[in-house]
Amino acid sequence: MMRAIVGTPVALIAASLATAAQAECVPSFVAGGNSVTLTPSGSFDDGRLNERFYVRLRNDGDTVCELRLAVGRDIAASDVDFPNYELFGPNGGVAVNSTDAARTSERSAVDIVIPTGGETSIPYDVRMKLGWGFESGSYDQALEFFLSDRAGQGQMATQRTQLSLTIPAAARIRFAGAGARGSASVEMGMLSPSAVSTSPPFAIRVLSTAGYQMDLESQNAGALRRVDGPELIPYRMTVSGRPMNLKGGGDRIQVASHTGSTGNVHPVSVMIDPDPTMHAGNYRDRVTVTVTPM
């Protein structure tokens, strides 16, 4: 009788210990790593980029996971010229520090819950002010996400997320001192029969994410043609102080590097030498300006 009584509680205790050992949280990242492609606006005029991505987590255990998800930046694997950006998580702004600093920073982490045998997706937003002034090319930023307990101890799993940004080679022309939007007009006014006539202040502003070439092509090979006749009045043009040879139809200026955020300003000057034999009338020429990023 006593042996049977003693044996029963021992068996119950063993069964209870086995059940407790099975109840655990087993978290992991659904993907070992992922890449987020950041695509800037083609025009660069709005100057904003906003891209959302998700960090997916699962729980293969038989109890709910209540954990801490933190993120840091792997400095050694990130481009030093990667443009400044902001990272936003479920609780707002996230401080993207080095990986070591992120382990102890409250602003780098968010508390999460993963249901038993289920998955959860945590949204993050990358926000960047990206306009003219950046150089074309490919840039990478390596983020490290890691799971730990709510106290930030006992790292359980990690995932690398690569932010990949490609800034395309693009260019745009704007005019300063132009008479109208779009096709600019330079009015020479009444030409002097005894002194050099000079155009009013005028400039070409170039915005480019790469080095560029600027081609100028004259419809009348560097001369003004009378609107109602065949007469021509030759003129001289300088761009950024450099004389343009338009007699062959056109000339080119090359700039080796990308522009700043406000662009490069190329002052333009048109000069016409006096000629008392000029036929009275209205004269015009069309100069087409084309900028191509290199």
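Start by selecting Tyr 124 in this predicted model. Leave aside its neighbours within four places in sequence, and Tyr 124 is in contact with Glu 51, Arg 52, Phe 53, Val 55, Leu 69, Leu 87, Phe 88, Gly 89, Val 94, Val 110 and Phe 145. Show those side chains and keep them on screen.

Now widen the view. Tyr 124 belongs to the largest nonpolar core, a set of 36 residues, and ranks with Leu 69 and Leu 87 as those with the most contacts inside it. To see where the core comes from, colour these strands, each of which supplies at least two of its residues:

- strand E2 (33-38), strand E3 (48-59) and strand E4 (65-73)
- strand E7 (109-114) and strand E8 (119-129)
- strand E9 (137-148) and strand E10 (157-167)

Apart from this core lies another, made of 21 residues; pick Tyr 212, Val 239, Met 244 and Val 270, which are among them.

Next stop: the cysteines. How many disulfides does the structure hold? There is 1, so select Cys 25 and Cys 65, whose sulfur atoms sit 1.8 Å apart. Turn the view to look along the S-S bond of Cys 25 and Cys 65: the torsion about it is about 110 degrees, so the disulfide is right-handed.

Zoom out a little to see what the pair ties together. Cys 25 is in the loop between helix H1 (2-22) and strand E1 (27-29), while Cys 65 is in strand E4, 40 residues apart, so to speak a link between distant parts of the chain.

Finally, switch on the surface. Is each cysteine buried or partly exposed? Cys 25 has 25% relative accessibility and counts as partly exposed, whereas Cys 65, at 1%, counts as buried.

Key: Residues numbered from 1 in each chain as written. Predicted model: local features only at pLDDT ≥ 70, side-chain atom pairs only at ≥ 80, totals over all residues. Heavy atoms only, no water. Core = buried A, V, L, I, M, F, W, Y, C linked by side-chain atoms within 4.5 Å. Buried < 20%, exposed > 50% of the residue type's maximum accessible area, 1.4 Å probe, protein only. Helix = DSSP H or I, 4+ residues; strand = E, 2+ residues; numbered from the N terminus. Contact = heavy atoms within 4.5 Å. Disulfide = S-S within 2.5 Å.
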